[in-house]
Amino acid sequence: MFAPAASLAQSIIPDAASLAAPKPADVAVADTNTDADDDDDSLVAAATDKLAGHVDGHAREALMSFAMKLRDIRYRRGGRAPSTGFDCSGFVRYVFMHSIGLDLPTNSASQFLAGLKVKRNEMKTGDLVFFRTRGKAISHVGIYIDNGQFIHSPSAGKTVRVDSLNEAYWSKHFVGAKRPEGIAKI
C-alpha cells in the first residue's frame with residue numbers, strides 16, 4: 001500500500017514548522033496580522049521563499065508536500081484559502097500557485113481545458129485528475145499523487161483528503177487526467 005506521508009517525510013522539502021516560522025526581521029509584521037487572510041498570505045510567502053530553491057529539480061515533490069500539509073482543511077463551496085476552506089478547484093489552484101507559482105484557471109472545467117491530456121497509465125505526481133460527479137460536465141478535480149492515489153477537497157461536510165481512483169465511486173466518475181502546461185516538461 002502506498003504511504004504518501006512516509007515518502008514525503010524523507011523528501012528535502014522543509015517541514016511545516018520551518019515554513020511558518022517567522023524570520024527575526026518578520027516578527028513585527030507577524031505580530032500585527034490579525035486577519036485570517038493576512039495569516040494565509042504570511043504562510044504562503046514563507047512557504048514560497050523556502051520552496052523557491054527546490055522548484056527546479058523538485059517541483060512535483062514541492063507541490064505534493066505543500067498539498068499534503070493542507071489535509072483536513074474543511075470543504076467550502078467557492079473556498080480558495082486555508083482560513084475559509086476549499087472547494088475542489090480552489091484547493092488545486094491554491095496548491096499550484098503557492099507551491100510552484102503556477103496560476104491555473106479558477107474552476108475544474110477550465111482546468112480540464114487548459115491541461116495536456118495524459119493516459120491513465122502515464123500519470124505522474126502533480127497531474128490533475130477529473131471527474132463528472134453531476135451530469136455531463138466536468139465537476140470535480142484532484143491532484144494525482146502516485147499508485148492510483150489522489151488528494152482533493154471532496155464535498156460539503158468533508159475535508160481535504162487522499163482517496164483512490166480504484167474506489168468504486170471515483171472509478172465510475174473518472175473522466176481523465178491532464179498535465180498543467182507549466183509542469184509538462186518536469
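## Second largest pocket and the open sheet

In this predicted model, the lining of the second largest pocket divides by class into the groups tabulated here.

| Class of lining residue | Number in the second largest pocket |
|---|---|
| Nonpolar | 6 residues |
| Polar | 9 residues |
| Charged | 3 residues |

The lining comprises 18 residues, and those that lie nearest the centre of the pocket are Y75, R77, C88, R134 and S139. Two or more lining residues come from each of the elements α6 (88-100) and α7 (108-114). The volume of the second largest pocket is about 280 Å³.

Helix α6 also links this description to the sheet. α6 lies across β4 (128-131), β5 and β6, and runs at about 45 degrees to β5.

The sheet itself is open and is formed by 6 strands, in the order β3-β8-β4-β5-β6-β7, with antiparallel pairing. β3 (116-118) and β7 (161-164) stand at the edges with a single partner strand each, so one side of each has no neighbour in the sheet. On average, neighbouring strands of this sheet are turned by 40 degrees against each other, direction ignored. In general, strands of a sheet pair through backbone hydrogen bonds, in either a parallel or an antiparallel arrangement.

One pairing can be described at the level of residues. Strand β5 (residues 140-146) pairs with strand β6 (residues 149-152) in the antiparallel sense, over 3 bridges. I143 stands opposite I151 in β6. Both β5 and β6 are among the strands that α6 lies across.

Technical notes. Residues are numbered from 1 along each chain as its sequence is written. This is a predicted model: local features need pLDDT of at least 70, side-chain atom pairs count only at pLDDT 80 or more; totals for chains, interfaces and linings use all residues. Side-chain values use heavy atoms; hydrogens and water are left out. On a 1 Å grid over the protein atoms alone, a cavity is a set of points where a 1.4 Å probe fits but cannot get out, and a pocket is an open set with protein on both sides within 12 Å along at least five of seven lines; lining residues have an atom within 4 Å of a point. Grid points are joined across faces, edges and corners, and a volume is the space filled by probe spheres set on the points. Helices (H or I, at least four residues) and strands (E, at least two) are DSSP runs, numbered from the N terminus. Ala, Val, Leu, Ile, Met, Phe, Trp, Tyr, Cys and Pro count as nonpolar, Asp, Glu, Lys and Arg as charged, and the others, Gly among them, as polar. Two strands pair if DSSP finds at least two bridges between them. Axes are lines fitted to C-alpha atoms, for helices over the stretch in contact, and angles run from 0 to 180 degrees between N-to-C directions. Contact means heavy atoms within 4.5 Å.
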